[in-house]
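Here are some friendly notes to read with the model open beside you. Take the points one at a time, and look for each feature as you go.

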Amino acid sequence: MADRGDGDEPAVVGPIPWPNLPQGAGARFRTLFGRALRRRCPYCGGGNIFSGYWSLKPICPTCEVKFVREEGYFLGGYALNLVVSESLALGLALWLLFGTRLRELSLLPQEAIAIVLAVAFPVALYPFSRTVWMALDLFLHPPDEKLEGYLTARDLHRRDRSDADAGR
Ligand SMILES: [Zn+2]
């Protein structure tokens, strides 16, 4: 009956309580993407993870998780952003230029509208592409023990006594 790690006191091993995400897939999905859409850390829900509009901090200021799992980690996020935002831009442009009175404009202003949309959407969605990518990854590929150790930067905190821990 005793459920270890399920009490008030989380089983903290490293510098952070590892994400206490809901066990059920549906609830976990909603939690992760709710955090991502508010531009918060998908791992813990903490805010202030961007140092500027374009720059995600390397480590979450709340839970200290490393955001980059590996080199080129966010390439998929860039691709996702491009596909999603350009699809939205194209859809909106088509609607504006064929479904509204804007169709009466001449070609040049119509092209200008399409270009503005094609630039504005990826820019507007950029920060979300980062957080959504992390949420997606965390949902589909929950870190195993090894990766969890890397992400929580325990290696940095434990480097001094790694020899004692290695026990070989
Ligand atoms: Zn966090």
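1. Begin with the overall pattern. Along the sequence, this predicted model reads α-α-α-α-α-α. In other words, the protein has six helices and zero strands.

2. Next, look at how the chain is packed as a whole. The protein has 168 residues, and 18% of them count as buried. Now take the contacts between residues at least 6 apart in sequence: 57% of these join residues at least 24 apart.

3. Helix 2 is a good place to practise a simple check. It covers residues 75-99, which makes 25 residues. At 1.5 Å a residue, helix 2 should span 36 Å, because the expected span is 1.5 Å times one less than the number of residues. The C-alpha atoms at the two ends of helix 2 are 35 Å apart, which agrees with that expectation.

4. Stay with helix 2 a little longer. Which of its residues are buried? They are Gly77, Asn81, Ser85, Ala89 and Ala93. As for their partner, the buried residues of helix 2 pack against helix 3.

5. Now turn to helix 1 and helix 3. Helix 1 runs over residues 25-37 and helix 3 over residues 107-140. Their axes come within 8 Å and cross at roughly 160 degrees. Angles over 145 degrees count as roughly antiparallel, so helix 1 and helix 3 are roughly antiparallel to each other. Helix 1 passes helix 3 in a right-handed crossing.

6. Which residues meet where helix 1 and helix 3 touch? From helix 1 come Arg28, Phe29, Leu32, Phe33, Arg35, Ala36 and Leu37. From helix 3 come Phe128, Thr131, Val132, Met134, Ala135, Leu138 and Phe139. Sorted by class, this contact between helix 1 and helix 3 has 11 nonpolar, one polar and two charged residues.

7. Finally, zoom in on Val132, which sits in helix 3. Is Val132 buried or exposed? A residue needs 20 or more C-beta neighbours within 10 Å to be buried; Val132 has 22 inside 10 Å, so it counts as buried. Setting aside neighbours within four places in sequence, Val132 is in contact with Phe33 and Ala36, and both of these residues belong to helix 1. Gly77 is worth finding too: it lies 55 residues from Val132 along the chain, yet their C-alpha atoms are separated by 7.8 Å. You met Gly77 earlier among the buried residues of helix 2.

Key:
Residues numbered from 1 in each chain as written. Predicted model: local features only at pLDDT ≥ 70, side-chain atom pairs only at ≥ 80, totals over all residues. Axes fitted to C-alpha atoms, helices over the stretch in contact; angles between N-to-C directions. Helix = DSSP H or I, 4+ residues; strand = E, 2+ residues; numbered from the N terminus. Parallel < 35°, antiparallel > 145°, perpendicular 65-115°, else oblique. Left-handed = near helix turned anticlockwise from the far one by under 90°. Contact = placed C-beta atoms within 7 Å. Nonpolar A, V, L, I, M, F, W, Y, C, P; charged D, E, K, R; others polar. Buried ≥ 20, exposed ≤ 12 C-beta atoms within 10 Å, placed from the backbone.
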